Structure formats: structure tokens, C-alpha cells
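Colleague: I should like to go through this model with you, one question at a time. Please reason each answer through to the value or name requested.

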Amino acid sequence: VIRPNNMKLPLFLVPLLIIDINGKQPTSTTAKPGPASGPGTTETISLSLTSKDSEATIKITKIIVEETKGGETDEYVIDMTERKVFLGNTHKSLNDLEVFDNTKEDKFEVEKMECGGEISKTCGFIELPANYQPGLDCAWTIPVKDKGEGEYKFDTFELGEGDHIEINGVEVLTKPTKSTTSNEPIKVSFKSEVNSKQKSKMKISFEEAKKEASGGKKESVPTDPNSKCKAFWFGEDGYPVNMNDDVGEGVFMFFKTKMVDGKTTSMYYNKETDITIEQEKSKVKKNGNYWKIGDQAWQMFTHKKDPRWDNTQKIDEKSCPTDFAGWTFKGKFMKDMKAKEMSAKEAEKQGTCLPKDYWKEEKAAAPAAAAQ
């Protein structure tokens, strides 16, 4: 119990915490607060804190627990606010960890977050989840093609207290302003200490390095400002046969931006058919924009005098070509024609690498060795 000097202030209760470590699974998940039966070690903690400042409040948010066996020590973080136990991703103990307090009958939830891995593709990104846990030790290896170069950049970077980010064994403390190339595999690591404030943000994008253009400068890496739009196609049967030369079965990917009525819009390019999909401004301003495929097809709904088509289908700078079905081709409306996001499997079949998040890859890599 916390007893402030000024007794007129409310009392703040600190629960009795019971940590029970058993060498076998419990026979019941509905046990009331208290140590579970069976062999093991039970630690009971009862804390009484007194605030000497009558205007201050005290709150216990986290408790760090050490488990030592055979000369090795594991650390857990017990989050009193979320009522969770965070094991990190390198937890080796086979014990069943149970945590109770005297405020609720339910046990604390035990979580282990997986991360890291050997990445097999040469494009993608690694993004730190907003809900990442303390006690993580994550490592990734980004491949580079033989006689080629890989390129990576930090799209997002904020380093919080108790966290560490390394590239090829060198700690990164501030966001690099430019992309970096390498002809060797790129090793990335992220560590969150048990006392991490969990305030970091990180997103690293990578791909094959662009070839040098005339003048010795490398081509810029385009980034779609409309982040909700993904690479897309019309499928094998998602368009009329006589549009094959314009649409084809290839993938449309972000190409560059274009200003339409003072707003930045995105253009998409299909290198197989050498055609673009882009927005144009309607002659009637209130109708917004419309999509067009080369000079052959277009998509717009707000101009139609039909109750099914209204402003909910208005196309603007935030729209994606995959939003709606229905395109007009050579004066005929094709109601079933629709662009759709291309799957990774279909992209691989076509020899296209689509970026995906590799925060957790199926085959985990060993944690990076500590710097000497």
C-alpha cells in the first residue's frame, strides 16, 4: 500500500504478485491466484511504497525477473499495466511461467515475439511493429545477387531509449540521409533491452541497386506517395481480349508522380506493354479526376446520371486503380473489368519481385554476436 504524507489523498494499491515457475504444464488454466501445484520455484513479491511528495503519485509499470540455470540467465519483463509477461525472442527456458496478482483471477498473458531470419528475396522491407516487446534480439541477412549490388535505405528511423539498431555490425544512431549500396550480404540487427521504453520506429527498404544511367548517376528509387496502392494487374481474364496490347498480363508498378489540379497523383507503368495508367482532371471540376489507360480506356463514375454511381466512387489523388470495377473501352462500358493487387506468388511466376515485410521470416537467423 502506498501511503502519501497527506492522508487526504487517495490510496494507491500495489498488488501482491506471485510468480510460479513449474517444470510441467499446469493441469488447469482456471486456477485462482496463488502458486500452482507441482515442483518448481515460487517467488512472492509484496511491495509497500510511500510517496514523500504529497503532490506525486506512484505507479509500478514493469518488473524485470531473472531466471538462472547452468550459468545462463534469462530475463523476463512483467508489464503490470498490460498484465503481460514478455519473454523476448531468445527465451530458452522450458519452464511454464505463471504470474498472478491479487486484483484479478486471470493469470498474466505470456507472450513471445518472433523476429529475424534469412531473407531469400532481393527486395522488400523490415518494419518494426508498433507493439514490439522489450527483450528482443533480432537479426536479418539481406541477400545480394552474384556480381550485383544491393541497396537499402531507412524510410523511418527513430531510436528510443534502450534500443539498438546495427547495419553490418555498426550501430546506427541517426537516420541516414541517403540510400546505401553493398556488394556483400547486408546484415541488420535490432535489440530492445528489458528496460526499453518501446519508443523506436524503424523501416528499412531494400532492393537490387539501380544501374548507372548516362552521366554516371544512378537512377533514383521511386516511392509511391500513395502508400495504400500496391502493384497490380488485370489478371488473365480481367480485361477484353482486344485490350491485350494495352493491358496484358504484366504487372503495373509505381512509375512517377504527376500534378493534376494542383495535387500529386501517382502513375503506374507496365513494362511488358509499355503503357501507363494515370489520372486526368475532369472537365467538370466537381466530378473529380478519372483514370486512363494509354489512349484506349478510361474509368470515371461521377459523370453518370445513375443512382448507383455517386461521390462514393469519386476518383482523386488518394485513389488506387484497384478501387473500383468498370472501365470504358472504345465507347463500351466493361462492368467486370477490374485491376487487382498482384499476389507475391503470381509476381514470382512473372519474374517480378514485390516488396513484403520481413520482420519475421520463417527460417530464423541466429542473433548477431555482440561487438568486441
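Colleague: Leaving aside neighbours within four places in sequence, which residues are in contact with Thr276?

Modeller: In this predicted model, Thr276 belongs to strand 20, residues 275-281. Once its neighbours within four places in sequence are set aside, the residues in contact with Thr276 are Phe255, Met267, Tyr268, Tyr269, Lys292, Ile293 and Gly294.

Colleague: Is Thr276 buried or exposed?

Modeller: A residue counts as buried under 20% relative accessible area. The relative accessible area of Thr276 is 17%, so Thr276 is buried.

Colleague: With which side chain does the side chain of Thr276 make a polar contact?

Modeller: The criterion for a polar contact is a pair of N or O atoms within 3.5 Å. At 3.2 Å, the side chain of Thr276 has such a partner in the side chain of Glu278.

Colleague: How many bridges join strand 18 to strand 19?

Modeller: Strand 18 covers residues 253-260 and strand 19 covers residues 263-270; the two run antiparallel. One of the pairings is that of Thr257 with Ser266. The number of bridges joining these strands is seven.

Colleague: How many residues apart in sequence are the parts that Cys229 and Cys320 tie together?

Modeller: A disulfide joins Cys229 to Cys320, with an S to S distance of 1.9 Å. Cys229 lies in the loop between strand 16 and strand 17, and Cys320 in the loop between strand 22 and strand 23, so the parts tied together are separated in sequence by 91 residues.

Note on methods: Residues are numbered from 1 along each chain as its sequence is written. This is a predicted model: local features need pLDDT of at least 70, side-chain atom pairs count only at pLDDT 80 or more; totals for chains, interfaces and linings use all residues. Side-chain values use heavy atoms; hydrogens and water are left out. Helices (H or I, at least four residues) and strands (E, at least two) are DSSP runs, numbered from the N terminus. Buried means under 20% relative accessible area, exposed over 50%, partly exposed in between (1.4 Å probe, protein chains only). A polar contact is a pair of N or O atoms within 3.5 Å; within protein, one must be able to donate a hydrogen and the other to accept it, and residues adjacent in sequence count only if both atoms are side-chain atoms. Contact means heavy atoms within 4.5 Å. Two strands pair if DSSP finds at least two bridges between them. A disulfide is a pair of cysteine sulfur atoms within 2.5 Å.
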